[in-house]
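Reader: Hello! I am new to this structure, and I would love a close look at one part of it, the largest cavity. Could you walk me through what surrounds that space?

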Amino acid sequence: MTVSSRPKLVLVGHGMVGQKFLEQLHAQSPDAFEVTVLCEEPRPAYDRVHLSSYFTGTTAEQLSLTPTDFFAGTGYTLNLGEGAATIDCAAKTITTTQGRTLSYDALVLATGSYPFVPPLPGKDRQHCLVYRTIEDLEAIAASAKQSKIGTVVGGGLLGLEAAKALKDLGLTTHVVEFAPRLMAVQIDDLGGRLLRRKIEQLGVTVHTQKNTKEIIDGETAHHRMVFADGGHLETDLILFSAGIRPRDELARASGLAMGERGGICIDNHCRTSDASVYAIGECALWEKKIYGLVAPGYQMAEIAAKAIAGDTATPFLGADMSTKLKLMGVDVASIGDAHAATPGALTYVYSDEVAGIYKKLVVSADSKTLLGAVLVGEAEDYGNLLQFALNAIPLAANPEDLILPTREGGAKKGLGVDLLPASATICSCNNVSKGALCSAIDAGNTSIGALKKCTKAGTTCGGCAPLVKQVLDAELKARGVTVNNFLCEHFAHSRQGMFHLIKMGSIKSFDEALIKHGSGRGCDICKPAVASILASVWNEHILMPKHQSIQDTNDYYLANLQKDGTYSVVPRIPGGEITPEKLIVIGEVGKKYGLYTKITGGQRIDLFGARVEQLPLIWKELVDAGFESGHAYGKSMRTVKSCVGSNWCRFGVQDSVGMAIKIEERYRGLRSPHKIKLAVSGCTRECAEAQSKDVGVIATEKGWNLYVSGNGGMKPRHASLLATDLDDATLVKFIDRYLMFYIRTADRLQRTSTWLDNLEGGIDYVKKVVCEDSLGIAAELEAEMQGLVDTYECEWKKAINDEETLKRFKHFVNSAEADANIQFVNERGQIKPRNALEKSTVGEPA
Amino acid sequence: MTENAQWTHVCALTDILPNTGVCAKVGQAQVAVFRIVSPQGAEEGVFALGNFEPKSQANVLSRGLVGDLGGVSVVASPVYKNHYALTTGACLEEETLRVPVFAVRVVEGAVLVGAQQ
């Protein structure tokens, strides 16, 4: 045992606030105290805010807020399953529930609260439970197994959370509330009415103005709840969630000053009536107020840690009780003076009962300051409005614009984060200011992930996450993190600019473009980019001699270069539909040339290991059997994946294969800034995974839904819905326009997903251009695409019939020999490139 | 290179399209020969480097795109896009990588490759 001369600090309670206190204490004065923590629960601090996610698969480990090495790292001692039994303030000792006596120099009470259970007869019956700890959740889950109907007593914030939990457990769910509306504290009548309707739509029955008198045996269920108005409700499980009460019994017994209705009285530095004892979180009473949210608790934790370390510069001056949450999928937010209790306060109200949106602003008498707000059904504005209220930012002339939906063409409303002062609190849970975010960005945390990790902003309730992103974006912009999108050192133009110059200037070759608009000799960046533009604009055969020097090796040999200098061959299999005869041809060709064969993700077959001199021979056989180039080697339209569709599938509503073939044959050979992948699904089950494609088509009863700019790969993006229920002709028309618009305006090697994400106006803008022809270029785009469709040629068919082109398909200019460095070994019955170490060094100059 | 050096006739200059390369077999060596022509069409010379690209360990350099970076004439490896200076064989991105340079000249329309330099 080590004898310590350091002062002893005991923390009673290891919940969210207790853990925050320990982190703050360690940050303030790492080794100043010998710290002992008593935690009556069997596990260290976990996230109670997201407790209901426990029922949807989140594990206790994932809910944990205590880094596994926290106690080892700090040297603090955590005693799980051991609470405090008594405190002797005079002797400065504490007795634990295990009968141990600990002495302290400083004592911090973070005992939290307990769920209030109304004192009604029958409240202690079996299957009458509360909702606060993981153990409570386990009890609820066990009880739910023997229950069909579950009822929550209390329609407040926690009650609705609990109702969600019961719903998730598959119970028929009721909510019984004493007040006339749900969430009476946070929202008003109109908002409450909308919330109720939304929640009832989700299958939860809401009973308001019900005063439960007693709980007795039920006739059809475990219990019967008898109401004061004479009515009753049969239910199997009852969950009390009628508010919280401070866990103050320990403090009360030790003689500390208490509030009339409970709570341990604290001053502005979280000190109780005994100078050595502090109280923080939901057990503490400040100015006769108990704060039942985590953010004020975190603030108290920080202030107490500072006070104990001797820093009393920042007092606790109350906390903002604004809150935003998603209750059973319904966004609800409440800011500041939600009930317009401030004398002279005025309100703006926007209610859209059709869409299920209610918004209210409470402003000062001169309508210059935002005092509060209520948002139900849509709470995207929460972050902005909260900043207006917290920082008293002067409101513009028409405050109602802050809650009115944007009109077409209207400027983006709201508040630029640039306006916020550095002191503005962005994350109130973790008390992170804009200034703190900026410092973290300065320190190199320039991604959202890094910024969150460094500052903890947005990691508790997540309500401020969009705002954190806005601050990051604005700050990066302000720091001049702008990249010019010039093609390369040879062309001081973007790809879009080059596209325009080439088209308008009727430029037909790279040299011409270089002489007119560039400098130097070009490089491996600008040459293929210009080649792609020339192909998109003029559709001249990429094999033309004047274009040869600017084609990447894939386009030069019309095949995909592999790591060992061999190439792979991908015949087009439109829609993934192939006859057995054609399958046999591919098999025979693969066998004859000893190729490695693999099925691709795009529903075709890739044949690997072909040497340049073999390519025309292979393709001769494929073309003779009716195959065409699959353009797998190009920055071009690749494949249209499909599910089997209505011809065979019991669920299909349209012929997805037929449509996939139609689309693939239309856009085959199309050259573009980057590869383009498409898919068609025959019903909403989406077996073709169309929403991960550049263009995704999903059948509906009435036609086709068109999705765009999806991506799998490195940076997955779910496709955005462009238009719904299109007929065949309109579908093709819209795809024409969309693809051509992308080809015209995208950067080099920019997939449609990144293109859309970077496009000013985003999907709404594309919708206008494609579906409403807002730029008046739809006919032009369609005509351009039709021109490309009409001039399509199979590059391989052309190549194998042209003596001049065939000359390039040899390894040596002066010998018919093959490259001896290409060697294979066998694996799983097929070839693979021989490891460089195993190779003889033929061909490598000594 | 001396006047006595062995010269191998590999192909006609016109067998190499402007601003592309070919691979020639010179003894047991594979040599990438590039023909550089200005955008206006003026011949600016032929260059010869080893065809073996050390980063990919494959005989592919003749299939790279030629151009210039910061005024240095280069060829880009078609595999990993690293660049080699046509005159020195030095890799611009990785100091440790280098390909051999071969003597090369055009005599009466014929491309002749000489010794490794």
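Author: Happy to! One definition helps here: the domain bounds used below come from an automatic or database domain assignment. Please also keep in mind that this is a predicted model.

Domain 5 (495–551) and domain 6 (635–790) of chain A both give residues to the lining of the largest cavity, so the cavity lies between these two domains. The space inside the largest cavity comes to about 200 Å³. Around it there are 19 lining residues, and those nearest the centre are N539(A), G669(A), T791(A), Y792(A) and E793(A). Two elements of chain A each give two or more residues to this lining, namely helix 20 (656–667) and helix 24 (778–790). Helix 24 of chain A has the largest share, with three residues. As for the character of the lining, eight of its residues are nonpolar, five are polar and six are charged.

To set this cavity in context, the model has five cavities of 30 Å³ or more. The second largest holds about 60 Å³ of space. Its lining includes L190(A), R193(A), D352(A) and Y358(A). Here helix 6 of chain A gives the largest share, four residues. This lining divides into four nonpolar residues, one polar and four charged. Domain 2 (117–242) and domain 3 (320–415) of chain A both contribute to it, so the second largest cavity lies between those two domains.

Notes: Residues are numbered from 1 along each chain as its sequence is written. Chains are lettered from A and ligands numbered from 1 in the order in which they are written. This is a predicted model: local features need pLDDT of at least 70, side-chain atom pairs count only at pLDDT 80 or more; totals for chains, interfaces and linings use all residues. Side-chain values use heavy atoms; hydrogens and water are left out. On a 1 Å grid over the protein atoms alone, a cavity is a set of points where a 1.4 Å probe fits but cannot get out, and a pocket is an open set with protein on both sides within 12 Å along at least five of seven lines; lining residues have an atom within 4 Å of a point. Grid points are joined across faces, edges and corners, and a volume is the space filled by probe spheres set on the points. Ala, Val, Leu, Ile, Met, Phe, Trp, Tyr, Cys and Pro count as nonpolar, Asp, Glu, Lys and Arg as charged, and the others, Gly among them, as polar.
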